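The exercises below concern one protein chain and are followed by worked solutions. Please inspect the sequence and the coordinates before reading each solution.

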Amino acid sequence: MEKEILIELYYFDGCPAYKKTFDNLLAATRELHGKIHFSLKRIDSYEEAELLGFQGSPSIKVNGQDLEGLAEGATYACRLYSDNGTRTPTPSKELLLRMLRKSIES
């Protein structure tokens, strides 16, 4: 039986990085095994961000868990990822693939 994987991308419209992140996420998931479901979730206010524990845009959750393991607090701002020592608002396909594999295997 294939493993079911739910990948959620949380974003807000004022952060341009989510579109390229989504493209990179789709490319990364083509290399994964399992039945993958996607969900895009737009965050419209700081209050909603607090309610959902939003960690910034774009944020990715795999089966309900933040891809980087962040779980405390909330922010309504653009998020940065660390990719080979560089901070970037748009995680690369390679970084996403490594993080997705680690998240799915744990």
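The chain has an average pLDDT (the predictor's confidence in each residue, from 0 to 100) of 92, and 98% of the residues score at least 70. The model is predicted, so that local features need pLDDT of at least 70 and side-chain atom pairs count only at pLDDT 80 or more, while totals for chains, interfaces and linings use all residues. Residues are numbered from 1 along each chain as its sequence is written, and side-chain values use heavy atoms, with hydrogens and water left out.

**Exercise 1.** Determine which side of helix H1 is buried and what covers the buried residues.

Solution. Step one: helices (H or I, at least four residues) and strands (E, at least two) are DSSP runs, numbered from the N terminus. H1 comprises 13 residues, 17-29. From first C-alpha to last, H1 reaches 18 Å, close to the 18 Å expected at 1.5 Å a residue; the expected span is 1.5 Å times one less than the number of residues.

Step two: buried means under 20% relative accessible area, exposed over 50%, and partly exposed in between (1.4 Å probe, protein chains only). In H1 the buried residues are Ala17, Tyr18, Thr21, Asn24, Leu25, Ala28 and Thr29. They lie on the same side of H1, because they cover an arc of only 130 degrees around the axis, taken from the directions from the helix axis to the C-beta atoms. An α-helix has 3.6 residues a turn, so residues three or four places apart point the same way.

Step three: the cover of these buried residues includes strands E1 (4-11), E2 (35-42), E3 (55-57) and E4 (59-62), together with helix H3 (93-105).

**Exercise 2.** Identify the elements that give two or more residues to the largest nonpolar core.

Solution. Step one: a nonpolar core is a set of buried Ala, Val, Leu, Ile, Met, Phe, Trp, Tyr and Cys residues joined through side-chain atoms within 4.5 Å. The largest has 16 residues, of which Ile7, Ile60, Val62, Leu67, Leu96 and Leu100 touch the most other members.

Step two: E1, H1, E4 and H3 each give two or more residues to this core. H3 supplies the largest share, six residues.

Step three: with neighbours within four places in sequence left aside, the contacts of Ile7 (heavy atoms within 4.5 Å) include Leu25, Phe38, Ile60, Val62 and Leu100.

**Exercise 3.** Classify the ring pair of Tyr11 and Tyr18 and that of Phe22 and Phe38.

Solution. Step one: rings of Phe, Tyr and Trp (its six-membered ring) pair if their centres lie within 6.5 Å; planes under 30 degrees apart count as stacked, over 60 as edge-to-face and the rest as tilted. The whole structure holds four aromatic pairs.

Step two: Tyr11 and Tyr18 have ring centres 3.9 Å apart and planes at 20 degrees, so the pair is stacked. Tyr11 is buried at 10% relative accessibility, and Tyr18 is buried at 13%.

Step three: for Phe22 and Phe38 the centres are 6.1 Å apart and the planes at 80 degrees, so this pair is edge-to-face. Phe22 lies in H1 and Phe38 in E2, so the pair ties together parts 16 residues apart in sequence.

**Exercise 4.** Locate the cis peptide bond that leads to Pro58 and describe the backbone of Asn84.

Solution. Step one: the bond from Ser57 to Pro58 is cis, with omega near -5 degrees. Pro58 is in the loop between E3 and E4.

Step two: Asn84 has phi near 55 degrees, a positive value in a residue other than glycine. Asn84 sits in the loop between strands E7 (81-83) and E8 (86-88) and is exposed, at 69% relative accessible area.
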